[in-house]
Amino acid sequence: MKRSEINRLIREGEAFVRAHGFLLPPFAFWTPQQWASLGLAGRELTAHGLGWDLTDFGLGDYEHFGLLLFTLRNGSLDEARSGVGRTYAEKVLLVGKDQVTKFHFHHRKTEDIINRGGGTLELMLHNATLDDRLADTPVTVQVDALERTLPPGGLLRLAPGESVTLRPGQYHQFTARGAPVLAGEVSSVNDDHSDNVFLEPLGRFPRIEEDEAPERLLVGDYARLGAAWPG
């Protein structure tokens, strides 16, 4: 993806979040220069992957297959293992109309996916087999704490305000119907480097063509941009 496209998508994303009455923390609007001025003081943010994130799954077709998100808070794997400290994470997900986030599941993470406003959030659900394929078994989830069982590959549609709890081993693919959706994710500790299992071989972080300077940093930029952003 071109950096100019990423800059535009984040500008539009900031406006979209604001239009839904959701307020992002100050570091959502920092420039690269502001990040650099923090030095080691920014380690807590960079080490836990807080900030803007974007993926096109390596397919080069972001409009149809992609996701823009912002991680507000996240603990560490050590805290998750000990059960003490920040054992949780929170994100906002900006899901474009008919834009697909491809089938994936997590080995460790339990997550609530929340429709915070916009259109209908449509999820297709499967259980995972032991060899990480799609199981031909019913899928049981909780929708706002009420149990729902769907056939394999069943569609779950969440209206604004509704949420679903997804547990480890539950494949999910989702899109926004009718209008873009501002979605929320509240979960156990998030680890995008080792706890995402995609049904297809996909890339999690985009390859970026630096055709202009970044206006906002992505979490994937922190390590690439050197010692000023320790991760």
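In these exercises a residue is called buried when its relative accessible area is under 20% and exposed when that area is over 50%. The model they concern is predicted.

**Exercise 1. Asp 221**

Task: determine whether Asp 221 is buried or exposed, and find which side chain makes a polar contact with its side chain.

Solution. Begin with the position of the residue, which is in helix α5, covering residues 221-224. The relative accessible area of Asp 221 is 1%, and because the limit for a buried residue is under 20%, Asp 221 counts as buried. Turning next to its partners, and leaving aside neighbours within four places in sequence, Asp 221 is in contact with Arg 3, Ile 208 and Arg 216. With one of these, Arg 3, there is a polar contact from side chain to side chain, at 2.9 Å.

**Exercise 2. Ile 114**

Task: place Ile 114 in its strand, decide whether it is buried or exposed, and list which residues it is in contact with beyond its neighbours in sequence.

Solution. The strand is β5, which runs over residues 111-127. Since a relative accessible area of 14% falls under the 20% limit, Ile 114 is buried. Once neighbours within four places in sequence are set aside, its contacts are Glu 162, Ser 163, Leu 182, Ala 183, Gly 184 and Val 186. As a distance within the model, the C-alpha atom of Ile 114 is separated by 34 Å from that of Gly 39, a residue 75 places away along the chain.

**Exercise 3. Two residues with positive phi**

Task: for Phe 57 and Ala 145, state where each lies and decide which is buried and which is exposed.

Solution. As background, most residues other than glycine have a negative phi. Phe 57, although not a glycine, has a positive phi of about 60°, and its place is in the loop between β1 and β2. Ala 145 also has a positive phi, near 75°, and belongs to the loop between β6 (139-143) and β7 (146-150). The accessibilities then have to be judged one at a time: Phe 57 is buried because its relative accessibility is 4%, whereas Ala 145 is exposed because its relative accessibility is 59%.

**Exercise 4. The nonpolar cores**

Task: identify which residues touch the most other members of the largest nonpolar core, and which element supplies its largest share.

Solution. The core has 25 residues, and those touching the most other members are Phe 22, Leu 24, Trp 52, Leu 54, Leu 68, Phe 70 and Val 92. At least two residues come from each of α1, β1 (51-55), β2 and β3, with α1 giving the largest share, four residues. For a closer view, take Val 92, which, not counting residues up to four places away in sequence, touches Phe 22, Leu 24, Leu 68, Leu 69, Phe 70, Leu 72, Leu 182, Ala 183 and Gly 184. Apart from this core lies another, of 20 residues, among them Leu 69, Leu 150, Leu 156 and Ala 183.

**Exercise 5. Pockets**

Task: give the volumes of the largest and second largest pockets, and say how the residues of each lining divide by type.

Solution. The largest pocket holds about 490 Å³ of space. Its lining has 22 residues, and the closest to the centre are Thr 46, Ala 47, His 48, Gly 49 and His 193. The elements giving two or more residues to this lining are α3 (43-47), β2 (67-74) and α5, and by type the lining divides into seven nonpolar, 11 polar and four charged residues.

The second largest pocket holds about 280 Å³, and its lining includes Leu 9, Glu 12, Phe 16, Tyr 62, Leu 68 and Pro 180. Two or more lining residues come from each of α1 (3-19) and β3 (88-95), and α1 provides the largest share, four residues. By type, the lining divides into seven nonpolar, three polar and two charged residues.

**Exercise 6. The largest cavity**

Task: find how many cavities of 30 Å³ or more the model has, and describe what lines the largest.

Solution. The count is three cavities of 30 Å³ or more, and the largest contains about 200 Å³ of space. Of its 20 lining residues, Leu 67, Lys 91, Thr 101, His 104 and Arg 204 lie nearest the centre. Strand β10 (170-188) is among the elements that supply at least two lining residues, and β10 gives the most, with three. The lining divides into seven nonpolar, seven polar and six charged residues.

How values were computed. Residues are numbered from 1 along each chain as its sequence is written. This is a predicted model: local features need pLDDT of at least 70, side-chain atom pairs count only at pLDDT 80 or more; totals for chains, interfaces and linings use all residues. Side-chain values use heavy atoms; hydrogens and water are left out. Buried means under 20% relative accessible area, exposed over 50%, partly exposed in between (1.4 Å probe, protein chains only). Contact means heavy atoms within 4.5 Å. A polar contact is a pair of N or O atoms within 3.5 Å; within protein, one must be able to donate a hydrogen and the other to accept it, and residues adjacent in sequence count only if both atoms are side-chain atoms. On a 1 Å grid over the protein atoms alone, a cavity is a set of points where a 1.4 Å probe fits but cannot get out, and a pocket is an open set with protein on both sides within 12 Å along at least five of seven lines; lining residues have an atom within 4 Å of a point. Grid points are joined across faces, edges and corners, and a volume is the space filled by probe spheres set on the points. Ala, Val, Leu, Ile, Met, Phe, Trp, Tyr, Cys and Pro count as nonpolar, Asp, Glu, Lys and Arg as charged, and the others, Gly among them, as polar. A nonpolar core is a set of buried Ala, Val, Leu, Ile, Met, Phe, Trp, Tyr and Cys residues joined through side-chain atoms within 4.5 Å.
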